[in-house]
Amino acid sequence: MCGRAPDGVPAPGEGAGDSTTGSAKTSGIPELHGSANSLARDIDAVRTGLTLPWSSGVIEGRVNRIKMLKRQMFGRAAGHRLLRHRILLAH
């Protein structure tokens, strides 16, 4: 199944039962069944993510950095002032 996108992504007129999810469901591997079902439920988001040129990578990176700073400061800040100050200084 590797290397099958974009052929494996159904066109707008097709249903979620394309060859990729169909072969995953009939593979006999239970873990692939769950993945195929998740893809079938979110097929519009998958199609959009594979076909549009935009990426949310920069935003995801910043959110990840803020979460890391928040974990490092667990129990140290008595409110959001110190966390806000550290986030602004960490840039």
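**View A. L83 is in contact with L69, K70 and M73, its neighbours within four places in sequence being left aside.** The model shown here and in the other views is predicted. L83 has its place in helix α5, which covers residues 81–90. Is L83 buried or exposed? The relative accessibility of L83 is 14%, under the 20% limit, so L83 counts as buried. From the C-alpha of L83 to that of I66 the distance in space is 9.2 Å, while in sequence L83 and I66 are 17 residues apart.

**View B. I87 in helix α5, shown with the residues it touches.** Residues up to four places away in sequence are not counted; I87 then touches R65, I66 and L69. L69 is also among the residues in contact with L83. I87 has a relative accessibility of 19% and therefore counts as buried, the limit being under 20%. Along the chain I87 and K70 are 17 residues apart, and their C-alpha atoms are separated by 8.9 Å.

**View C. Helices α4 and α5 at their crossing.** Two packed helices are described by the angle between their axes and the distance between the axes. For α4 and α5, the axes come within 10 Å and cross at roughly 130 degrees. An angle counts as oblique if it falls outside the ranges under 35, 65 to 115 and over 145 degrees; α4 and α5 are therefore oblique to each other. The crossing in which α4 passes α5 is right-handed. Which residues meet here? On the α4 side they are R65, I66, L69, K70 and Q72, and on the α5 side L83, R86, I87 and A90. Two of the α5 residues, L83 and I87, count as buried.

**View D. The salt bridge between D44 and R47.** The closest N and O atoms of this pair are 3.0 Å apart, within the 4 Å allowed for a salt bridge. The count of salt bridges comes to one. D44 and R47 both lie in helix α3, residues 43–51, where a spacing of three residues is about one turn of the helix. D44 has 51% relative accessibility and so counts as exposed, the limit being over 50%. R47, at 14% relative accessibility, counts as buried.

**View E. The N-terminal stretch, residues 1–5, where pLDDT stays under 50.** For residues 1–5 the model has seven contacts beyond four places in sequence. Where pLDDT is low, the predicted coordinates should not be read in detail. Among the elements of the protein chain, the lowest mean pLDDT, 70, belongs to helix α1, residues 19–25. The highest, 88, belongs to helix α4, residues 57–72. Over the protein chain the mean pLDDT is 75, with 74% of the residues at 70 or more.

**View F. The protein chain, with five helices and zero strands, as the setting for the close-ups.** The order of elements from the N terminus on is α-α-α-α-α. How much of the protein chain is buried? Of its 91 residues, 15% are buried; L83, I87 and R47 count as buried. Of the contacts between residues at least 6 apart in sequence, 28% join residues at least 24 apart.

Notes: Residues are numbered from 1 along each chain as its sequence is written. This is a predicted model: local features need pLDDT of at least 70, side-chain atom pairs count only at pLDDT 80 or more; totals for chains, interfaces and linings use all residues. Side-chain values use heavy atoms; hydrogens and water are left out. pLDDT is the predictor's confidence in each residue, from 0 to 100. Helices (H or I, at least four residues) and strands (E, at least two) are DSSP runs, numbered from the N terminus. Contact means heavy atoms within 4.5 Å. Buried means under 20% relative accessible area, exposed over 50%, partly exposed in between (1.4 Å probe, protein chains only). A salt bridge is a side-chain nitrogen of Lys or Arg within 4 Å of a carboxyl oxygen of Asp or Glu. Axes are lines fitted to C-alpha atoms, for helices over the stretch in contact, and angles run from 0 to 180 degrees between N-to-C directions. A crossing is left-handed if the near helix is turned anticlockwise from the far one by less than a right angle, and right-handed if clockwise.
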